[in-house]
Amino acid sequence: PDNMSTFTSVKLVANAKSYPVLLSNGNLIEEGTSSDDETRHFAIWSDPFPKPSYLFAAVAGNLASIKDEYTTHPSGKKVHLEIYSESESVDKLQYAMDSLKRSMKWDEDRFGLEYDLGIYNIV
């Protein structure tokens, strides 16, 4: 935890058919098809808040998801929430989504901490 880093330009590139979902920490900055190979795509993520490297994550896979939104308090910022799993397990994700929203509210109520990014992904 003493060595903190920012991950401000994380580019993931993969075969679009085999790995349609590309995730990392922070906010999605850009995504698209690779200019040199139309079978590959990319996603660029940015997390400007310093953190230890063991909290950095990158995920590529064929995943399904559920989506929701949370409004932070007191600022009223809207946060996109998305929870991913294998497609055969997507029907089991609602409890995780409900738990995430309760935990975000608890952080605000207990510690006065609002979530600091525009997106929150869980795999």
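In this predicted model, Val-90 sits in the loop between β7 (78–85) and α1. The residue is partly exposed, with a relative accessible area of 24%. That value does not count as buried, because buried means under 20% relative accessible area. Val-90 lies 32 residues from Ala-58 in sequence. In space, the two C-alpha atoms are 20 Å apart.

The protein chain contains one helix and eight strands. From the N terminus, the elements follow the order β-β-β-β-β-β-β-α-β. The C-alpha trace spans about 50 × 40 × 25 Å along its principal axes. The chain has 123 residues, and 31% of them count as buried.

Strands β3 (residues 27–33) and β4 run antiparallel. Six bridges join them. A hairpin of six residues connects β3 to β4. Within this pairing, Glu-31 has Ala-43 in β4 as its bridge partner. Ala-43 also belongs to the largest nonpolar core.

That core comprises eleven residues. Its members are Phe-7, Val-10, Leu-12, Ala-14, Val-21, Leu-22, Leu-23, Ala-43, Trp-45, Tyr-84 and Ile-119. Strands β1 (4–15), β2 and β4 each give two or more residues to this core. The largest share, four residues, comes from β1. A second core, separate from this one, has nine residues. Val-79, Leu-93, Met-97 and Met-104 are among them. In soluble globular proteins, nonpolar side chains tend to be buried together.

Four salt bridges are present in the structure. One of them joins the side chains of Asp-47 and Lys-51, with an N to O distance of 2.5 Å. Asp-47 and Lys-51 are both buried.

Asp-68 forms a salt bridge with Lys-101. The closest N and O atoms of this pair are 2.6 Å apart. The contact links distant parts of the chain, since Asp-68 lies in strand β6 (residues 64–71) and Lys-101 in helix α1. The two residues are 33 positions apart. Asp-68 is partly exposed, at a relative accessible area of 28%. Lys-101 is also partly exposed, at 23%.

Another salt bridge pairs Lys-105 with Asp-109, and the closest N and O atoms are 2.5 Å apart. Both residues belong to helix α1. They are four residues apart, so about one helical turn separates them. Lys-105 is partly exposed, with a relative accessible area of 42%. Asp-109 reaches 54% and is exposed, because the exposed class covers values over 50%.

The largest pocket holds about 320 Å³ of space. Its lining consists of 19 residues. Ser-24, Asn-25, Gly-26, Asn-121 and Ile-122 are the closest of these to the pocket centre. Four strands each supply at least two lining residues: β2 (21–24), β4 (40–52), β5 (58–61) and β8 (119–122). By residue class, the lining divides into twelve nonpolar, four polar and three charged. Strands β2 and β4 thus recur here, having also given residues to the largest nonpolar core.

The second largest pocket has a volume of about 240 Å³. Leu-100, Ser-103, Met-104, Asp-107, Leu-113, Glu-114, Tyr-115, Asp-116 and Tyr-120 form its lining. Helix α1 (residues 94–111) provides the largest share, four residues. The lining divides into five nonpolar residues, one polar and three charged. Met-104 lines this pocket and is also a member of the second nonpolar core. Helix α1 therefore contributes to the pocket lining, and also carries the salt bridge pair Lys-105 and Asp-109.

Definitions and conventions
Residues numbered from 1 in each chain as written. Predicted model: local features only at pLDDT ≥ 70, side-chain atom pairs only at ≥ 80, totals over all residues. Heavy atoms only, no water. 1 Å grid on protein atoms, 1.4 Å probe; cavity = no way out; pocket = protein on both sides within 12 Å on 5 of 7 lines; lining within 4 Å. Points joined across faces, edges and corners; volume = space filled by probe spheres on them. Nonpolar A, V, L, I, M, F, W, Y, C, P; charged D, E, K, R; others polar. Core = buried A, V, L, I, M, F, W, Y, C linked by side-chain atoms within 4.5 Å. Buried < 20%, exposed > 50% of the residue type's maximum accessible area, 1.4 Å probe, protein only. Pairing = 2+ DSSP bridges.
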